[in-house]
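Biologist: Could you take me through one part of this predicted model up close? I am new to this, so please go slowly and tell me what each residue is doing in the picture.

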Amino acid sequence: MATMVLSGADVVRRRGLRQMRLVALSLLVLAAVIYVLTLHHDGAWGYVNSAAEAAMVGALADWFAVTALFRHPLGLPIPHTAIVPTRKDSLAESLEQFVTENFLSEAVVAEKMRTAEVGRRVGEWLATGNHAERIVEEGARTIGAALPKLGDADVTAFVQGSLLPRFAKEPLSPIAGHFLKSVVDDGAHHALFELLMVEAYDWLLENRDTLAEVVGPRAPRWSPRWVDALVIDRIHREALSWLAGVRDDPHHPARKAVDRLLDQLADDLQHDPEMMERFEAFKRRMLTHPDMGTSLTAVWDAARTALIDAIADPNGHLRQRGAQLIKDLGHRLQTDDTLRARIDTRASEAVTYIIRTYGTEIVSIISDTIERWDGREAADRIELHVGRDLQFIRINGTVVGALVGLTIHTLTQLL
């Protein structure tokens, strides 16, 4: 074992192996001593002598069998001995084939995944203890270490070299139209429209003079100033009244007109060639603008800084929200049968795909590792793990040999 680096567990195994070897050897020596002491004795001692003789034969035969697995008995090059050192490569291939056929087959793995209840177990693990907090903490540590390494130069090179050219080539008009159609059908734009109306009303209420500066120069030259002031006041009041009506009435005609406009725009973006080309031309102008890459990098830098600051706070809202979402997912996996079944199916598909695609490479680790071992080292490693149990063969051989010898002597005397 000079070539092996023993771990703590290996040291314990070697100690157990030596102890069992000593026990087996002690039984052989005991049988030999009894045989010598009872030699040439008749009567009952004859039975003991025969049992001791057969015990020695059994012990020596099984010692030879066990030893022949790992080395040449007594150093003699007897044929078909030292099986592990001389045939380790073929044994490794056989072991690899055995594992592949009986453990890493798709049918076996799929059946195991079906009964493993992966979704439920994951849900229980996520929902109990501080596992969610640990996941968030490890994720925050990883992200916090990775984000600063993404420099502005790298981001700019990626955006300008890969991202923007790809988006410039890909037709986005149908995607934009489909997205807008979904927004309109769901009414998701209503909140934004109401916000615009509120802000427009508040701005116009506070900026009557700005309206006068816009409308005043368009009045006739012959119109008196006091008439212009009355007209501007009327326009201001009517505009405020209209904005208030749109703001407060969910069924205002202006709202319906906006809905129809957006719905038509969504349809044109998907089916009108002229509108689609106009959108694509606008998209290309925007994406090929010299400042687009710099602007996106600035946005990324601001977002990165904000994210780093947010995840750095262990008591911050982002971490707490993340942990709560993970716990909620854990509870759903325990109560939602549909979601749990979907997770189990996806996990089974993923594992079987890995086995189907990479199973041969995974199992080849066995043969590759054993083939790199020296023959003696391979024998020592294997004997270290199974040698202690093999010593029971020697012990049983001694005991069984004694019983067989006693039986044969008894039958001989009877016959």
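Modeller: Let's start with D263, which has a relative accessible area of 28% and therefore counts as partly exposed, since that label covers values between 20% and 50%. The side chain of D263 meets that of K181 in a salt bridge, with 2.7 Å from N to O. This pair ties together distant parts of the chain: D263 sits in helix α13, while K181 belongs to helix α9, which spans residues 173–186, and 82 residues separate the two. And what about the partner's surroundings? K181 has a relative accessible area of 30%, so K181 is partly exposed as well.

Now step back to the start of the helix that holds D263. Helix α13 covers residues 253–271, and H252 lies in the loop between α12 (225–248) and α13. Is H252 buried or exposed? Its relative accessibility is 14%, and because the cut-off for buried is under 20%, H252 counts as buried. If you set aside the neighbours within four places in sequence, H252 is in contact with W242, G245 and V246.

Helix α12 has a salt bridge of its own to look at. Here E238 pairs with R234, and their closest N and O atoms are 3.0 Å apart. Unlike the link across distant parts of the chain, this one stays inside a single helix: E238 and R234 both lie in α12, four residues apart, or about one turn of the helix. E238 is partly exposed at 43% relative accessibility, and R234 is partly exposed too, with a relative accessible area of 48%.

You can find a similar arrangement in helix α17, which runs over residues 337–372 and holds both E349 and R346, three residues apart, again about one turn of the helix. Their side chains meet in a salt bridge at 3.7 Å, N to O. E349 counts as partly exposed at 43% relative accessibility, and R346, with a relative accessible area of 49%, is partly exposed as well.

Salt bridges can also join up beyond a single pair. R21, R71 and E383 are linked in a network of them. How many salt bridges are there in the whole structure? A search finds 22, and the D263 and K181 pair where we began is one of these salt bridges. As you turn the model, try following the path we took: from D263 in helix α13 over to K181 in helix α9, then back to H252 in the loop between α12 and α13, and on to E238 and R234 in helix α12.

Methods
Residues numbered from 1 in each chain as written. Predicted model: local features only at pLDDT ≥ 70, side-chain atom pairs only at ≥ 80, totals over all residues. Heavy atoms only, no water. Buried < 20%, exposed > 50% of the residue type's maximum accessible area, 1.4 Å probe, protein only. Contact = heavy atoms within 4.5 Å. Salt bridge = Lys/Arg side-chain N within 4 Å of Asp/Glu carboxyl O.
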